[in-house]
Amino acid sequence: MMYIILIIGLGIVVYFLRARNASGMEEIKAKIASGALIVDVRTVGEYQSGHFPGALNIPVDQVEKRVSEFGEKDKPIIVYCASGGRSGSAKSYLESIGFTNITNAGGLSNMPK
């Protein structure tokens, strides 16, 4: 009986995670369609090995000194990296200095195809 409850519980968690990811992807697609700035915060080498079309490369360790390249603080901006960690750091920093419309897309593999 305990295993059945555990399996049902895991199924519910998976369902909600998929629904959340689908809504997140729709948000990202809508922001891209509306002209959001897309920023790849991976290293130059990672960026050169493949990146989202039109993405600007500002490695996470350069975000602070290149902040002017992000534009207006209310402009929609999407940041991504390899897995979401560095883009999460970039998002947090940008929000701490007043940016209000930053989306962490996670990794490059999470960007729309």
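**Close-up 1. Pairing of strands β1 and β2 in the predicted model.** In this predicted model, strand β1, residues 37–40, pairs with β2 in the parallel sense over two bridges. Asp-40 stands opposite Asn-57 of β2. Strands of a sheet pair through backbone hydrogen bonds, in either a parallel or an antiparallel sense.

**Close-up 2. The open sheet and its edges.** Four strands make up an open sheet in the order β2-β1-β3-β4, and the pairing is parallel. Its edge strands are β2 (56–57) and β4, each of which pairs on one side only.

**Close-up 3. Strand β3 and its bridges to β1 and β4.** Strands β1 and β3 run parallel and are joined by four bridges. Leu-37 has Ile-77 of β3 as its bridge partner. Five bridges join β3 to β4, and these two strands also run parallel. Here the bridge partner of Ile-78 is Thr-103 in β4. The chain passes from β3 through α3 to β4, making a right-handed β-α-β crossover.

**Close-up 4. Burial of strand β3.** In a regular strand, side chains alternate between the two faces of the sheet. Both faces of β3 are covered: Ile-77, Val-79 and Cys-81 are buried on one side, and Ile-78 and Tyr-80 are buried on the other. Because five of the five residues of β3 are buried, with under 20% relative accessible area as the cut-off, the strand is largely enclosed by the rest of the structure.

**Close-up 5. Helix α3 and its buried face.** Helix α3 covers residues 85–96, twelve residues in total. From its first C-alpha to its last, α3 reaches 17 Å, close to the 16 Å expected at 1.5 Å a residue. Ser-87, Gly-88, Ala-90 and Leu-94 are the buried residues of α3. Seen down the axis of α3, these buried residues fall within an arc of 160 degrees, so they line one face of the helix.

**Close-up 6. Packing of α3 on the sheet.** Helix α3 lies across β3 and β4, and runs at about 170 degrees to β4. The cover over the buried residues of α3 includes β3 (77–81) and β4 (102–107). Among the buried residues to find in this view are Ala-90 and Leu-94 of α3.

**Close-up 7. The backbone just after α3.** Gly-98, just after α3, takes a positive phi of about 110 degrees. Beyond α3, the chain path of the right-handed crossover leads to β4.

Key. Residues are numbered from 1 along each chain as its sequence is written. This is a predicted model: local features need pLDDT of at least 70, side-chain atom pairs count only at pLDDT 80 or more; totals for chains, interfaces and linings use all residues. Side-chain values use heavy atoms; hydrogens and water are left out. The expected span of a helix is 1.5 Å times one less than its number of residues. Buried means under 20% relative accessible area, exposed over 50%, partly exposed in between (1.4 Å probe, protein chains only). The arc is that of the directions from the helix axis to the C-beta atoms. Contact means heavy atoms within 4.5 Å. Two strands pair if DSSP finds at least two bridges between them. Axes are lines fitted to C-alpha atoms, for helices over the stretch in contact, and angles run from 0 to 180 degrees between N-to-C directions. A crossover is right-handed if, with the strands pointing away from the viewer, the path from the first strand over the helix to the second runs clockwise.
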